[in-house]
Amino acid sequence: MRRETGVHPFVEDGGAAEFAMGVPVYVGMTPYGVICPVASRVAAARDRLAALVLFVASDRERQRIAAQARPGQRIEILDGGPATVPTPPPPTGQETLPLPDTTAGTSVPPAAAPPG
C-alpha cells in the first residue's frame with residue numbers, strides 16, 4: 001500500500017461491522033482497504049466496500065468474497081505471515097531428552113516409557 005500510495009497506512013486494532021467485520025486500513029483519514037472481511041457479511045456492506053481494496057488470506061477466501069462483492073471489486077491476497085516462514089529443520093546430533101515418570105517422579109528414557 002505504501003508503494004502504491006506513497007503514504008504509510010494506518011490499521012485499526014480490530015474488525016468493524018461497517019467493514020463486514022474486517023479490519024479497516026486508512027491512508028490519512030480516508031479508508032483505503034479492509035483486511036479479511038467476513039464473506040457472509042460482504043453483501044450487506046457491498047456499497048461501502050466497493051471503492052476499497054479487500055485483502056484476504058487465500059485464493060479460496062478471495063473466491064468466496066468475490067461472489068458476494070461487487071463485480072470487478074479489487075481483492076488482493078496477502079503475501080506474508082507465519083505460513084510463509086519455513087519450518088526450521090529438526091535438531092541433529094542431540095540426544096533425546098528423557099520423559100518424566102509420573103508415578104515415581106523420575107526421568108525415564110523414551111524407549112522405556114510406558115505406552116499411552
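Two strands count as a pair if DSSP finds at least two bridges between them. Keep that in mind for the close-ups below, which come from a predicted model.

**View 1. Five strands line up in one open sheet.** Read across the sheet and you get the order β1-β2-β3-β4-β5, with mixed pairing. The strands at the edges are β1 and β5 (75–77), and each of these pairs on one side only. As a bit of background, strands of a sheet pair through backbone hydrogen bonds, either parallel or antiparallel.

**View 2. A hairpin links β2 and β3.** Here β2 and β3 (residues 30–35) run antiparallel, with five bridges joining them. Pick out V25 and look for its bridge partner in β3: you'll land on G33. There are two residues between the strands, and G28 sits in this turn with a positive phi of about 65 degrees.

**View 3. β4 has parallel partners in β3 and β5.** Strand β4 (residues 53–56) pairs with β3 over three bridges, in the parallel sense. I35 has F55 in β4 as its bridge partner. Three bridges also join β4 to β5, and these two run parallel. For V56, the bridge partner to find is I77 in β5.

**View 4. Helix α4 packs on the sheet.** This helix covers residues 59–66 and touches β4 and β5. Compare its direction with that of β5, and the angle comes to about 165 degrees.

**View 5. F10 and Y26 make a tilted ring pair.** It's the one aromatic pair in the structure. The ring centres are 6.2 Å apart and the planes make an angle of 35 degrees; planes under 30 degrees apart would count as stacked and over 60 as edge-to-face, so this pair is called tilted. F10 belongs to β1 (residues 10–11) and Y26 to β2 (residues 23–27), so the pair ties together parts that are 16 residues apart in sequence. Y26 counts as buried because its relative accessibility is 16%, and the cut-off for buried is under 20%.

**View 6. Two residues with positive phi, A20 and M21, sit in a loop.** A20 is found in the loop between β1 and β2, and M21 lies in the loop between β1 and β2 too. Phi is near 55 degrees for A20, a positive value in a residue other than glycine. M21, also a residue other than glycine, has a positive phi near 65 degrees. Are these residues buried or exposed? A20 is buried, at 0% relative accessibility, while M21 is partly exposed, at 35%.

Key: Residues numbered from 1 in each chain as written. Predicted model: local features only at pLDDT ≥ 70, side-chain atom pairs only at ≥ 80, totals over all residues. Heavy atoms only, no water. Phe/Tyr/Trp six-rings, centres within 6.5 Å; stacked < 30°, edge-to-face > 60°. Helix = DSSP H or I, 4+ residues; strand = E, 2+ residues; numbered from the N terminus. Buried < 20%, exposed > 50% of the residue type's maximum accessible area, 1.4 Å probe, protein only. Contact = heavy atoms within 4.5 Å. Axes fitted to C-alpha atoms, helices over the stretch in contact; angles between N-to-C directions.
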